[in-house]
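Dear colleague,

I am passing on the structure we spoke about, so that you can have it open while you read. My notes on what was found in it follow directly below.

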Amino acid sequence: MPMTYDELKALTVAELREIAKEHQDAIKGSSQMNKEHLLPALCKALGIPTHEHHDVVGIDKAGIKARMRELKKERVAAIAAHDPDRLRVARRQLHRLNHQLRAHTA
C-alpha cells in the first residue's frame, strides 16, 4: 500500500527508520538522521512527491495570473514614480486576486 507524504509525516522517527531499513540500498545512514532529513530521503526512495498540487476550480486561473503580472508592473512603476495612491490600488488589487485564487483552490 503506497503512502502519502502526509501519512509519512504523521509517523514517529522510529517508525520512519523501520521503513528506511527496508530500503537501505536507497537510503544510507538513516539510523543517524532526524525526522527533518529522513522524510525527504524516504520520499525520494519511495517515489512520493513531497508536496501536493492543488487545482483551481470555477475561475479562470490563467486570466487572473495574467492580470497579476500586469499589476506587478504597475506596482513597480508606482514605486518608481513615488505615487503612493497608485501603489495602494495595485497592492489591494493584487491582494484581492490572490485571495480569489486561494478561495477557489480544491
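A search of the whole structure turns up four salt bridges, a salt bridge being a side-chain nitrogen of Lys or Arg within 4 Å of a carboxyl oxygen of Asp or Glu. As general background, side chains of opposite charge can pair when their charged atoms come close. Please bear in mind that this is a predicted model, in which local features need pLDDT of at least 70 and side-chain atom pairs count only at pLDDT 80 or more, while totals for chains, interfaces and linings use all residues. Residues are numbered from 1 along each chain as its sequence is written, and side-chain values use heavy atoms, with hydrogens and water left out.

One of these bridges joins Asp 85 to Arg 88, with the closest N and O atoms 2.8 Å apart. The two residues are three apart in helix H5 (residues 84–103), and therefore separated by about one helical turn; helices here are DSSP runs (H or I, at least four residues), numbered from the N terminus. Asp 85 is partly exposed, with a relative accessible area of 48%, where buried means under 20%, exposed over 50%, and partly exposed in between (1.4 Å probe, protein chains only).

A similar arrangement is found in helix H2, where Glu 18 and Lys 21 are three residues apart and so about one helical turn from each other. Their closest N and O atoms are 3.5 Å apart, and the pair forms a salt bridge, with Glu 18 partly exposed at 45% relative accessibility.

Arg 67, Glu 70 and Glu 74 are linked in a network of salt bridges. Within it, Glu 74 bridges to Arg 67, the closest N and O atoms being 3.6 Å apart; Glu 74 is partly exposed at 38% relative accessibility, and Arg 67 is likewise partly exposed, at 30%.

On the surface, Lys 61, Lys 65, Arg 69, Lys 72 and Lys 73 gather in a patch of positive charge, a patch being made of residues with over 30% relative accessible area and no salt bridge, with like charges joined within 9 Å. Lys 72, which lies in helix H4 (residues 61–80), is partly exposed, with a relative accessible area of 42%.

Turning to the interior, the largest nonpolar core has 13 residues, of which Leu 8, Leu 16, Ile 27, Leu 38 and Leu 42 touch the most other members. Helix H2 (13–22) and helix H3 (35–46) each supply at least two residues of this core, and H3 gives the most, with five residues. Such a core is a set of buried Ala, Val, Leu, Ile, Met, Phe, Trp, Tyr and Cys residues joined through side-chain atoms within 4.5 Å.

Finally, the loops. Glu 52 lies in the loop between H3 and H4 and is exposed, with a relative accessible area of 54%; the C-alpha atoms of Glu 52 and Tyr 5 are separated by 8.5 Å, although the two residues are 47 apart along the chain. His 53 lies in the loop between H3 and H4 and is exposed, with a relative accessible area of 64%, whereas His 82 lies in the loop between H4 and H5 and is exposed at 70%. His 82 also has a positive phi of about 55°, although it is not a glycine.

With best wishes

Methods. Patch = residues over 30% accessible without salt bridge, like charges linked within 9 Å, V, L, I, M, F, W, Y side chains within 5 Å. Areas by Shrake-Rupley, 256 points an atom, 1.4 Å probe, with all protein chains shown as cover. Lys, Arg positive; Asp, Glu negative; His and termini not counted. Charge placed at Lys NZ, Arg CZ, Asp CG, Glu CD.
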